[in-house]
Amino acid sequence: MSHRTVVAVERADGRYDVSEVPGTVLAHEHVETFRRAVVGDCPPVERRALAEAVSDAALTDHVDPGRHEALSVVARDGAVGSYLVLWFGAALGTGTDDGALVSYDPGERADEAYLRGWWHGLTDGVGALVDESIDEREAMACLRERVDALCDTREVLAL
């Protein structure tokens, strides 16, 4: 899969213009460019428009867990919220589009690495259980429960 990030840039009316940035693992590599886009002072970034004037509640509707690896939300004040996509379908080897977005600190590569390592370890363990002792429904519930446990320290959004 080619890596893709969904980037939502807040407009003056409080809604968001949503684009897909191809060929990048995470949008924090482009955060400064998108911050400058908010004030209209930036060089062009290769991106494909997905939607315009999207409410904040509908941003997750534009994230496809089978296609996207991250969501970056750029506010009018330049603040950026960054989320990794955790796709349950890939973890279980099914076609389900279920997943979650988990916030991380884009300025800390260690935070990203920790989340990716945690997710791979969790999915490897659950995948092994599916082969031996639990069914897909139970595995999905296990993944949801473990991801929801991150809510104590991170923002978690269901997909």
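A nonpolar core is a set of buried Ala, Val, Leu, Ile, Met, Phe, Trp, Tyr and Cys residues joined through side-chain atoms within 4.5 Å. Keep that in mind as you look through these close-ups of a predicted model.

**View 1. The largest nonpolar core gathers 19 residues.**
The residues with the most contacts inside this core are Phe88, Val102, Trp118, Trp119, Leu143 and Val147. At least two core residues come from each of strand 5, helix 2, strand 6, helix 3 and helix 4. Helix 3 gives the most, with 5 residues. Apart from this core lies another one, of 14 residues, among them Val18, Ala51, Ala58 and Leu71. As a general background, nonpolar side chains in soluble globular proteins tend to be buried together.

**View 2. Val147 and its contacts.**
Which residues does Val147 touch, leaving aside its neighbours within four places in sequence? The contacts are Leu86, Phe88, Ala100, Val102, Trp118, Trp119 and Val156. Look for Phe88, Val102, Trp118 and Trp119 here, since you met them in View 1 among the residues with the most contacts inside the largest core.

**View 3. Phe88, Trp118 and Trp119 form one aromatic cluster.**
Searching the whole structure turns up 2 aromatic pairs. In the pair of Trp118 and Trp119, the ring centres are 6.3 Å apart and the planes meet at 35°, so this pair is tilted. Trp118 and Trp119 are both buried.

**View 4. An open sheet is built from 7 strands.**
Follow the strands across the sheet and you will read the order 3-2-1-4-5-6-7, with mixed pairing. Strand 3 and strand 7 (156-158) stand at the edges with a single partner strand each, so one side of each is left without a neighbour in the sheet. On average, neighbouring strands of this sheet are turned by 20° against each other, direction ignored.

**View 5. Strand 4 pairs with strand 1 and with strand 5.**
Strand 1 and strand 4 run parallel and are joined over 5 bridges. Two spots to find are Val6, whose bridge partner in strand 4 is Leu71, and Val9, which stands opposite Val74. Strand 4 and strand 5 (residues 80-87) run antiparallel and are also joined by 5 bridges. Here Ser72 stands opposite Ser82 in strand 5. The hairpin made by strand 4 and strand 5 has 5 residues between the strands, and in it Gly78 takes a positive phi near 95°.

**View 6. The two faces of strand 4 are both covered.**
Is strand 4 largely enclosed or left open by the rest of the structure? The answer is enclosed, because 5 of its 5 residues are buried. In a regular strand, side chains alternate between the two faces of the sheet. On one side of strand 4 you will find Ala70, Ser72 and Val74, and on the other Leu71 and Val73, all of them buried.

**View 7. Arg4 and Glu20 meet in a salt bridge.**
The closest approach to look for is 3.7 Å, N to O. Arg4 belongs to strand 1 (residues 4-10) and Glu20 to strand 2 (residues 16-22), so their bridge ties together parts that are 16 residues apart in sequence. Are these two partners buried or exposed? Arg4 is buried, with a relative accessible area of 17%, and Glu20 is buried too, at 3%. Salt bridges that share partners join Arg4, Glu20, Arg48 and Arg67 into one network. The structure has 9 salt bridges in total.

**View 8. Glu69 and Arg116 link distant parts of the chain.**
The closest N and O atoms of this salt bridge are 3.2 Å apart. Glu69 sits in the loop between strand 3 (48-54) and strand 4 (70-74), while Arg116 is in helix 3 (residues 109-132), 47 residues apart. Glu69 counts as buried at 12% relative accessibility, whereas Arg116 is partly exposed at 24%.

**View 9. Asp98 forms a salt bridge with Arg144.**
How far apart are the closest N and O atoms of Asp98 and Arg144? They are 2.4 Å apart. Asp98 lies in the loop between helix 2 (88-92) and strand 6 (99-104), and Arg144 in helix 4 (residues 136-148), so the pair ties together parts that are 46 residues apart in sequence. Asp98, at 24% relative accessibility, is partly exposed, and Arg144, at 31%, is also partly exposed.

Key:
Residues numbered from 1 in each chain as written. Predicted model: local features only at pLDDT ≥ 70, side-chain atom pairs only at ≥ 80, totals over all residues. Heavy atoms only, no water. Salt bridge = Lys/Arg side-chain N within 4 Å of Asp/Glu carboxyl O. Helix = DSSP H or I, 4+ residues; strand = E, 2+ residues; numbered from the N terminus. Buried < 20%, exposed > 50% of the residue type's maximum accessible area, 1.4 Å probe, protein only. Pairing = 2+ DSSP bridges. Phe/Tyr/Trp six-rings, centres within 6.5 Å; stacked < 30°, edge-to-face > 60°. Axes fitted to C-alpha atoms, helices over the stretch in contact; angles between N-to-C directions. Contact = heavy atoms within 4.5 Å.
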